[in-house]
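Here is a brief report on one protein chain. The whole fold comes before a single site.

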Amino acid sequence: MNRTMYDLIGLAAGVCFILALKGLSHPKTARRGNLIGALGATIATLVVFAYNAPLNNLGWIIGAIAVGSLIGVPAARKVQMTQMPQLVALFNGVGGGAAALVAIVEYLALGADASTAVVIFTVFTVVVGCVSFSGSIITFLKLQELMTTRPVVFPGGRFVIAATLAAVFGVSGWVVVELGTTPLLVLAALSLLFGVLFVLPVGGADVPIVISLLNAFTGLTVAASGYVLDSTLLIIAGTLVGASGTILTRLMADAMGRSLFGTLFGAFTAKPQDVSAAGEERPVRSGSPDDVAILLNYARRVVIVPGFGLAVAQAQHTVRELADLMISKGIDVAYGIHPVAGRMPGHMNVLLAEANVPYDQLAEMDEVNPTFGQTDVAIVIGANDVVNPAAQTTPGCPIYGMPILEVSNAANVIFLKRSMRPGFAGIENELLYDPKTMLLFGDAKASLTKVVSALKAL
């Protein structure tokens with residue numbers, strides 16, 4: 001295959017990637033967009049073999065593809081929806097780490113023949129790729145709750161992070177000026193350390209934003225490695241991922257009501273929380289499935305607010321059954337979707353799409369908030385932080401300033417919770433103690449099944 005044909009087929013793959021992003025922008029076309037993206041990736045992989053088949057190492061490459069497939073396919077097929085963000089974080093980290101390793105190998109292979117431009121792009125790839133890799137590992141540990149989800153800060157933390165970043169820049173200059181293995185390996189080690197320090201101060205509620213940012217980092221890394229390898233395909237694919245990831249990060253930061261800098265480093269300037277009520281026993285109003293069914297039976301409008309608890313209980317099909325039952329009784333039903341509900345962008349949309357919930361029943365935050373004043377019942381299923389009034393009333397708390405779903409304006413609020421444990425942000429929700437709030441304790445799927453049965457009997 002000549003270079004012209006290679007470039008044309010590569011352009012076709014790039015078009016597939018663009019169409020994939022366009023399809024993923026809407027739930028109705030997301031599945032098709034995903035398939036188009038997979039087709040583009042397949043074309044891109046095959047065309048590389050056809051253009052420049054590495055016969056000497058073909059066995060190693062095929063073996064690596066086989067091992068990766070044996071790990072990746074079962075992991076992707078068996079992963080639960082609640083663990084999807086962790087999988088995304090791991091896959092993203094692997095992508096960044098792989099790009100960094102490829103750049104290092106290419107750099108060592110070129111040696112003194114490497115041009116200054118290639119060395120600069122190699123340095124960029126190693127730095128950003130290593131930061132993406134180690135940072136993604138920390139986000140995985142936080143999401144999997146293998147480490148604390150709270151911000152990890154320590155005395156002088158800001159200065160340590162700044163000093164590490166300065167060292168990264170300094171060693172980067174060393175690599176450019178003095179070619180060699182040692183400075184490059186030192187640079188990789190410092191970048192890995194910076195990735196860890198970069199993510200540690202981020203609280204659990206902000207982890208989805210960091211995942212999106214690290215995804216953008218990986219895209220930029222891939223684009224830079226494309227320059228090193230003289231691969232237009234990598235440049236196109238990496239640029240698309242970097243650009244879309246950056247836009248998504250900005251949108252998510254806006255949805256959280258804070259700057260990106262505040263999201264990443266706000267823990268260092270956060271004021272201590274008032275914990276005077278910690279540990280006190282406070283009365284709450286709990287109810288039974290029958291109580292909830294009676295309340296719903298006489299409602300005219302109901303808004304369902306899904307959250308991570310819905311994903312944990314795998315209750316999306318049951319909540320769809322409940323919604324259909326209420327609609328059959330003439331009740332106006334909508335789903336209130338917060339942009340950062342769950343553990344990753346669009347988590348709730350994907351979960352409800354799995355249950356074939358009609359898209360026109362989903363209402364974004366700005367659309368549904370003005371209607372809560374005319375809502376008879378708001379059903380909150382495992383969504384704690386995104387409905388917490390502290391975001392509007394408690395300066396200094398981890399979620400202060402974040403726009404929320406204003407369910408407190410509804411006439412009645414039903415909270416489905418396993419326990420009184422705080423949400424992922426680790427702060428108390430005063431709405432739980434509001435007299436108009438009824439708590440239904442237990443597994444969300446089991447509780448909703450009982451509510452459906454009770455409502456059918458009325």
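## Overall fold

The protein chain has 17 helices and six strands, taken as DSSP runs (helices H or I, at least four residues; strands E, at least two) numbered from the N terminus. This is a predicted model: local features need pLDDT of at least 70, side-chain atom pairs count only at pLDDT 80 or more, and totals for chains, interfaces and linings use all residues. Residues are numbered from 1 along each chain as its sequence is written, and side-chain values use heavy atoms, with hydrogens and water left out.

The radius of gyration is 25 Å, which agrees with the value near 23 Å for a compact globule of 458 residues. That radius is taken over C-alpha atoms, and the globule rule is 2.2 Å times the number of residues to the power 0.38.

| Property of the protein chain | Value |
|---|---|
| C-alpha box along the principal axes | roughly 80 × 50 × 35 Å |
| Exposed area | about 21,700 Å² |
| Carbon and sulfur share of exposed area | 64% |

Areas come from the Shrake-Rupley method with a 1.4 Å probe. Of the 458 residues, 45% count as buried, meaning under 20% relative accessible area (1.4 Å probe, protein chains only).

## The site at S134

S134 sits in helix α5 (residues 116-143). S134 counts as buried because its relative accessibility is 6%. Leaving aside residues up to four places away in sequence, S134 touches S191, L192, G195 and V196; contact means heavy atoms within 4.5 Å. A polar atom of the S134 side chain lies 2.8 Å from the backbone oxygen of L192.

Key
Buried means under 20% relative accessible area, exposed over 50%, partly exposed in between (1.4 Å probe, protein chains only). A polar contact is a pair of N or O atoms within 3.5 Å; within protein, one must be able to donate a hydrogen and the other to accept it, and residues adjacent in sequence count only if both atoms are side-chain atoms.
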